Amino acid sequence: MGIEENIKKILKDIPEEVKVIAVSKTKPIEDMNKVYDLGLRDFGENKVQEFLYKFENFKKDVKWHLIGHLQTNKVKYIVGKVELIQSLDSIKLLKEIEKVYSNHNVIANTLLQINIGREQQKYGVLEEDIKSILEYVEKCNFVKIKGIMVIIPKGTEAENSLYFKKTHDIWSNLKFKKYKNVTMEILSMGMSNDYHEAIKNGSNMIRVGTGIFGKRN
Ligand SMILES: *Cc1c(COP(=O)(O)O)cnc(C)c1O
């Protein structure tokens, strides 16, 4: 299937209020143009260097989402260029974002990335460490947390649903806690192979790469 059929199928499949992020990592600008022409306006990249290339060479009215681990020394390159840093995964990174964004007098909108499967090789905050990072954000002047992003472990449909449900529970509990600079508006969960279960479990933002662009090389 081509990009057009892929997008039409996804948009038909999901509720209107779920936002689709087109994950364009490794994909050429010409494919991104097709996606743009079909109406999508949110693009996700996981590497700063590739994001910067596309930011310079895909000059359209789109919103950029940084979805990969962000090294502290690269924060300075993305200030004012991304709509949402979806991968806030440590207090160290939070401190750096606060510092760099305050120097530029720009607000950083972020999602807290949670390592729900407690996988060693994955980035993200463990459940028991969420509170301390939220307490730190309360002291920030330039960082807002708008919700949660999660990448779940590989597993069966039933296992996926459990992780999505767990993440949704955390998200909805935090909705009722009144932390300064924290609003739980966005729940970014679900990718090409599991967005159905993610949406069934309350996701309102899905990040789709291969499901739109086809296989990555
Ligand atoms: C690559 C990537 C995606 C998209 O994955 P697909 O399986 O190709 O849809 C989503 N989220 C993150 C964080 C990614 O790195």
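The paragraphs below lead through a predicted model, beginning with the ligand and its surroundings and ending with the salt bridges.

A convenient starting place is the ligand itself, which sits in the largest pocket. The residues that surround the ligand include Val23, Lys25, Ile67 and Ile151, and further along the chain Met191, Ser192, Arg207, Val208, Gly209, Thr210 and Arg216 also belong to this shell. Sorted by class, the shell is made up of five nonpolar residues together with three polar and three charged ones.

Several of these residues can be followed to individual atoms of the ligand. In the side chain of serine 192, an N or O atom lies 2.4 Å from an oxygen atom of the ligand, while the side chain of arginine 207 places an N or O atom 2.8 Å from a nitrogen atom of the ligand. Glycine 209 takes part through its backbone, where a polar atom is 2.8 Å from an oxygen atom of the ligand. Of the 390 Å² of accessible area that the ligand has on its own, the protein covers 90%.

Turning from the ligand to contacts within the protein, the count of salt bridges comes to 12. One of them joins lysine 9 to aspartate 13, with their closest N and O atoms 3.6 Å apart. Both lysine 9 and aspartate 13 belong to helix H1, which spans residues 3-13, and they are separated by four residues, or about one turn of the helix.

Conventions. Residues are numbered from 1 along each chain as its sequence is written. This is a predicted model: local features need pLDDT of at least 70, side-chain atom pairs count only at pLDDT 80 or more; totals for chains, interfaces and linings use all residues. Side-chain values use heavy atoms; hydrogens and water are left out. A residue is near a molecule or strand if one of its heavy atoms lies within 4 Å of it. A polar contact is a pair of N or O atoms within 3.5 Å; within protein, one must be able to donate a hydrogen and the other to accept it, and residues adjacent in sequence count only if both atoms are side-chain atoms. Accessible areas come from the Shrake-Rupley method with a 1.4 Å probe; for residues, only the protein chains shown count as cover. On a 1 Å grid over the protein atoms alone, a cavity is a set of points where a 1.4 Å probe fits but cannot get out, and a pocket is an open set with protein on both sides within 12 Å along at least five of seven lines; lining residues have an atom within 4 Å of a point. A molecule sits in a cavity or pocket if more than half of its atoms lie within 2 Å of its grid points. Ala, Val, Leu, Ile, Met, Phe, Trp, Tyr, Cys and Pro count as nonpolar, Asp, Glu, Lys and Arg as charged, and the others, Gly among them, as polar. A salt bridge is a side-chain nitrogen of Lys or Arg within 4 Å of a carboxyl oxygen of Asp or Glu. Helices (H or I, at least four residues) and strands (E, at least two) are DSSP runs, numbered from the N terminus.
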